[in-house]
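Reader: I'm new to reading protein structures, and I'd like to understand the words people use for them. Could you show me how each label is earned?

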Amino acid sequence: MMENLQWITVSGPEEGAKEVYSIIEEELRNNRLQVLGLATGSTMIPVYEEWTDSNLDFSQVTAFNLDEYVGIDADNPNSYAYFMKEHLFNKKQFKETHIPNGMADDLDKECQRYEEELNAHPLDIQLLGVGENGHIAFNEPGTSPESVTHVATLTDSTLGVNSQYFENDDKIPNIALTMGISSIMKSKKLIMVAFGEKKRAAMEKLKSGEVTTDWPITKLLRHNDVVVITDLKVD
Ligand code: GLP
């Protein structure tokens, strides 16, 4: 299975961001990128900076984000919608952008709507980060590999790690809307980006070659086109 993973080891986030850039640039140039799945988190900040400092043209690209907190609106700096505007959408024009609506009255219905949108616009590339516990998007350990967009309960590990980014004394919600593991796996290509020692356990699990729901990231081993970009040297 490991042969499906192209493993690129870089010196750090800056070089990693350049590697992501060159894949995106090539796919755009060859007209292979119409629908792009995006991620949030500190890992993505240098990645998006590389794009916004460039001439990349996303005006024909439809974007889908992986996830959003429940109960935090798009004007709140803690929302992923706000993060995306700040780091990318205010600086680059996209054809359309989609983010699950964590303010929807009926969350299950919103998840169903989002999954239908995804099915109508199959992902060419999905960009992914990873949580310290191996979560992808907000698919926490134990999540079904068959999952589609759903309401997820966040683990204490994720709440602890992510709350450090919360501003204005807002309390971090313990529920979120997230693409499911199967929604992510449908993307033609996956780009996994992980920087720093805190991601070592997740990278080691991925490298081990064993697929287990305890480490959602390992499901990537079942995909046929994954690029892993990391500054961790993992044996
Ligand atoms: C959140 C997001 C994930 C992301 C993770 C890592 O939990 N839901 O999609 O991969 O954070 O964040 P960071 O890049 O800050 O380590």
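Reader: What makes the seven strands an open sheet, and in what order do they come?
Author: In this predicted model, the order is β1-β10-β9-β6-β2-β3-β5, with parallel pairing. The two ends of that row are the edge strands β1 and β5 (96–98), and each of them pairs on one side only. From one strand to the next, the twist averages 15°.

Reader: How do you know that β2 and β6 pair?
Author: The cut-off is at least two bridges between two strands. Strand β2 (residues 35–38) and strand β6 (residues 125–128) have two bridges, in the parallel sense, so they count as paired. Within this pair, glycine 37 stands opposite glutamine 126.

Reader: And what links β6 to β9, and β9 to β10?
Author: β6 and β9 pair in the parallel sense over four bridges, while β9 and β10 do so over five. Leucine 190 appears in both places: in β9 it is the bridge partner of glutamine 126, and it stands opposite valine 226 in β10.

Reader: Why is β9 called largely enclosed?
Author: Because six of the six residues of β9 are buried, the strand is largely enclosed by the rest of the structure. Lys189, Ile191 and Val193 point one way, and Leu190, Met192 and Ala194 point the other way. There is a general pattern to compare with: in a regular strand the side chains alternate between the two faces of the sheet.

Reader: Why is valine 227 called buried?
Author: Buried means under 20% relative accessible area. Valine 227 has 1%, so it is buried. This residue is found in strand β10 (residues 226–230). Leaving aside neighbours within four places in sequence, valine 227 is in contact with Gln6, Ile8, Ile23, Lys189, Leu190, Ile191 and Met192.

Reader: Is asparagine 4 buried, partly exposed or exposed?
Author: Partly exposed, because its relative accessibility is 22% and the label covers values between 20% and 50%. Asparagine 4 is found in the segment before β1 (5–9). Asparagine 4 and arginine 222 are 218 residues apart in sequence, with their C-alpha atoms 8.1 Å apart in space. Beyond its neighbours within four places in sequence, asparagine 4 is in contact with Leu221, His223, Asn224, Asp225 and Val226.

Reader: What about glutamate 110: how do you know whether it is buried or exposed?
Author: Its relative accessibility is 7%, and the limit for buried is under 20%, so glutamate 110 counts as buried. Glutamate 110 has its place in helix α4. Leaving aside neighbours within four places in sequence, glutamate 110 is in contact with Ile99, Pro100, Asn101, Ala104 and Leu177.

Reader: Which strands does helix α7 lie across?
Author: Helix α7 (residues 200–208) lies across β1, β9 (189–194) and β10, and runs at about 140° to β1. Methionine 203 touches Trp7, Val130, Met192, Ala194, Ile217, Val228, Thr230, Leu232 and Val234, not counting residues up to four places away in sequence. Of the 63 residues in the largest nonpolar core, Ile24, Trp51 and Met203 touch the most other members. A second, separate core has 10 residues, among them Ile72, Tyr80, Phe166 and Ala176.

Reader: Why is α2 called oblique to α3?
Author: Helix α2 (residues 44–52) and helix α3 (residues 80–89) pack at about 40°, with their axes 9 Å apart. Angles under 35 degrees count as roughly parallel, and 65 to 115 as roughly perpendicular. An angle of about 40° fits neither range, so α2 is oblique to α3. The meeting residues are Ile45, Tyr48, Trp51 and Thr52 in α2 and Phe83, Met84, His87 and Leu88 in α3. They divide into six nonpolar, two polar and no charged.

Reader: What is the order of the three-stranded sheet, and which are its edge strands?
Author: This open sheet has the order β4-β8-β7, with antiparallel pairing. β4 (67–69) and β7 (150–153) are the edge strands, since each pairs on one side only. β4 and strand β8 (residues 175–178) pair over three bridges, and aspartate 67 has threonine 178 in β8 as its bridge partner.

Note on methods. Residues numbered from 1 in each chain as written. Predicted model: local features only at pLDDT ≥ 70, side-chain atom pairs only at ≥ 80, totals over all residues. Heavy atoms only, no water. Core = buried A, V, L, I, M, F, W, Y, C linked by side-chain atoms within 4.5 Å. Buried < 20%, exposed > 50% of the residue type's maximum accessible area, 1.4 Å probe, protein only. Contact = heavy atoms within 4.5 Å. Axes fitted to C-alpha atoms, helices over the stretch in contact; angles between N-to-C directions. Parallel < 35°, antiparallel > 145°, perpendicular 65-115°, else oblique. Nonpolar A, V, L, I, M, F, W, Y, C, P; charged D, E, K, R; others polar.
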